[in-house]
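Subject: The structure, and some notes to go with it

Hi there,

Here is the structure I promised to pass on. Have it open while you read, and the notes below should be easy to follow.

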Amino acid sequence: MQSTSITPWNTYFHYIPSKLPSRHSLHFKKTLVTYTHSCHQEQEKHSTRQKDVYWQEMNFSVEKEKPHYRNDVKEQGVEVIVRSGIRSNSWWARIKAALGQRINVEGISFSVGIFYKDKHLAIPHVFVQDIRYIDWAELKRRGFEGVVFDKDNTITVPYSLNLWSPLASSMEQCKSLFGNNIAVFSNSAGLAEYDPDGRKARILERAIGIKVIRHRLKKPAGTAEEIERQLGCKSSRLIMVGDRPLTDIVYGNRNGFLTILTAPLSLSQEPFIVKQVRKLEMALVNRWSSKGIKPISHWLLPDCQYCIKDELL
């Protein structure tokens, strides 16, 4: 409780309750009001009179208070609510981002259809150890106009926002050939659900020097419309590079890309459940491939082995 001294005017102290009013009501309930009444003239007439202190619980309307006080209360209330909302949204976004690296509901739902009738969608056109083994010049010569990369474990280690340094020369060659028609399309950075303010996307763009596509649906769901719009060409002339068969490769094959599967850059930093899902994915892809299931042939590159380097320079 805040103490008050004798003053020659009325002093009011209104303590804002710990629970703010709902947006449906402008009333605070059970607010403690300390009222001290003292008057210089009364003190002279009644020197022995003690000051009166009244404690009471009362309901009062913000609209009935003085304008300056009402504004203060509103500003404080708005500030608390806004800050609380930011904290809540940020906290929930971080939780969802962490879970999003482990559980892909869209991927699971698409997998059901793939297991039964669309197994070929999970088979990549090309498999390489990493992007250093991709012959970008040959792909450009064949008529491809752009490249779309997954992020985690394709060009960065998990959760990093920087290019994995050994890939720098290959990325620079890709940029020199395809210019601005290069982008990152990730289920983390740039995805509205896990990167709502685009902060991760902006950091990644500055670090790598290529655009990050903002989108709302997680791979393998969704169309290539946003990518086509930003890169200015049809998806049939684009290359999708990623490390996950049931997300990156299925998405690319569904939308007409040439699909290139890479091995993960770092398993040590992946969550346990992601490692297990990855093992299952690769086991299925190897089994289906051994049974002769192939991806749909791409019209620009009928023999995909032409775009693979035998060894690094």
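Below is what was found, starting with the sheet and moving on to the helices and side chains. Please keep in mind that this is a predicted model.

The sheet

Six strands make up an open sheet with parallel pairing, and their order is β4-β9-β8-β5-β6-β7. At the edges stand β4 (126-128) and β7 (211-212); each has a single partner strand, so one side of each is left without a neighbour in the sheet.

A good place to start looking is β5, residues 146-149, which pairs in the parallel sense with β8, residues 238-242, over four bridges. Within this pairing, G146 has L238 of β8 as its bridge partner, and V148 stands opposite M240. Towards β6 (residues 182-184), β5 is joined by three bridges, and these two strands also run parallel. Here F149 stands opposite V184. Between these two strands the chain passes through α5, and the β-α-β crossover from β5 to β6 is right-handed.

Are the faces of β5 covered or open? Both of them are covered. G146 and V148 are buried on one side, and V147 and F149 are buried on the other.

Helices against the sheet

Helix α8 (residues 245-254) lies across β8 and β9 (258-262), and its direction makes an angle of about 165° with β9.

In helix α6 (residues 199-208), the residues A201, L204 and I208 are buried. They span an arc of only 65° around the axis, which puts them on the same side of α6. This fits a general pattern: an α-helix has 3.6 residues a turn, so residues three or four places apart point the same way. What do the buried residues of α6 pack against? Their partners are α5, β6 and β7. Just after α6 comes G209, with a positive phi of about 85°.

Aromatic side chains

How many aromatic pairs does the structure hold? There are four. One of them is formed by W136 and F178: the ring centres are 6.4 Å apart and the planes stand at 85°, so the pair is edge-to-face, given that planes over 60 degrees apart count as such. This pair links distant parts of the chain, since W136 belongs to helix α4 (residues 136-141) and F178 to helix α5 (residues 168-178), 42 residues apart. W136 is buried, with a relative accessible area of 0%, and F178 is buried as well, at 4%.

Y251 and F257 have their ring centres 6.0 Å apart and their planes at 40°, so this pair is tilted. Both Y251 and F257 are buried.

The β5 strand comes back into the picture here: F149 forms one aromatic cluster with W136 and F178.

A buried threonine

Finally, have a look at T156, in the loop between β5 and α5. Is T156 buried or exposed? With a relative accessible area of 0%, T156 counts as buried. Leaving aside residues up to four places away in sequence, T156 touches K151, N162, L163, W164, L204, I208 and L265. Two of these names, L204 and I208, will be familiar from the buried residues of α6.

Happy browsing, and do write back with any questions.

Best wishes

Technical notes. Residues are numbered from 1 along each chain as its sequence is written. This is a predicted model: local features need pLDDT of at least 70, side-chain atom pairs count only at pLDDT 80 or more; totals for chains, interfaces and linings use all residues. Side-chain values use heavy atoms; hydrogens and water are left out. Two strands pair if DSSP finds at least two bridges between them. Contact means heavy atoms within 4.5 Å. Axes are lines fitted to C-alpha atoms, for helices over the stretch in contact, and angles run from 0 to 180 degrees between N-to-C directions. Rings of Phe, Tyr and Trp (its six-membered ring) pair if their centres lie within 6.5 Å; planes under 30 degrees apart count as stacked, over 60 as edge-to-face and the rest as tilted. Buried means under 20% relative accessible area, exposed over 50%, partly exposed in between (1.4 Å probe, protein chains only). A crossover is right-handed if, with the strands pointing away from the viewer, the path from the first strand over the helix to the second runs clockwise. The arc is that of the directions from the helix axis to the C-beta atoms.
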